[in-house]
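Morning, everyone. I'll take the sheet first, then the helices, then the core. Have a look at the model.

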Amino acid sequence: MTHASGPAVLHAPESVAACPRAAGAYAVVLRLPDAVAVPVPRPGGTLPAGLYVYLGAANGPGGLRARLRRHVLGGNRRHWHLDYLRPEAAVVAIAAQPGGSECAWTGALLDGLDATAPLARFGSSDCRRCPAHLLRLPEDTAAAKVARLGDAAAQYHVNA
Ligand SMILES: [Zn+2]
């Protein structure tokens, strides 16, 4: 194995302190109890109620743990697209994959689940590969399956 990706490990949102400080990819599994209108990416749109996953990469100080803590706790400033959604959403689970690629993970979720991208380019303004980094999941999707597909993504990533 030549790739540097570790396994994608699932955590409860209240256990964010157990996430690694390494750089890598992450997934935030969210539930929207009601439809939410968001102004991003412009001109924005409406996301139906349901189960979602937001994929991202954390390469700054504090790595995955710091970014996931920010997403779990929320923040006053809207910096990431997720910040527009976060106050209306309940975090179901988080998953961290040191060295992973959020685009490979997104591709694995689109391939491996009946996931859709209801709002094009949400979370993926700087990505030319994915339809969005926010995917709507089938209602019965287990968060553990999202993490398992992250592991599958790491395998694809070897040859990417
Ligand atoms: Zn992407």
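Terms first: two strands count as paired if DSSP finds at least two bridges between them. Helices (H or I, at least four residues) and strands (E, at least two) are DSSP runs, numbered from the N terminus. This is a predicted model: local features need pLDDT of at least 70, side-chain atom pairs count only at pLDDT 80 or more, and totals for chains, interfaces and linings use all residues. Residues are numbered from 1 along each chain as its sequence is written.

Now the sheet. It is open, with five strands in the order 1-6-2-5-7, and the pairing is antiparallel. Strand 1 (9–11) and strand 7 (134–137) are at the edges; each has a single partner strand, so one side of each lacks a neighbour in the sheet. Strand 5 (residues 50–58) pairs with strand 7 over four bridges. There, Y52 sits opposite R136.

Next, the helices. Contact means C-beta atoms, placed from the backbone, within 7 Å. Angles run from 0 to 180 degrees between N-to-C directions, with axes fitted to C-alpha atoms, for helices over the stretch in contact. Helix 3 (residues 102–112) lies across strands 2, 5 and 7, at about 155° to strand 5.

Last, the core. A nonpolar core is a set of buried Ala, Val, Leu, Ile, Met, Phe, Trp, Tyr and Cys residues joined through C-beta atoms within 7 Å. Buried means 20 or more other C-beta atoms within 10 Å of a residue's own. The largest such core has 43 residues; Y26 and V53 are among those with the most contacts inside it. Strand 2 gives the largest share, six residues. Not counting residues up to four places away in sequence, V53 touches A27, V28, V29, L109, L135, L137 and V146.

Notes:
Contact = placed C-beta atoms within 7 Å. Buried ≥ 20, exposed ≤ 12 C-beta atoms within 10 Å, placed from the backbone.
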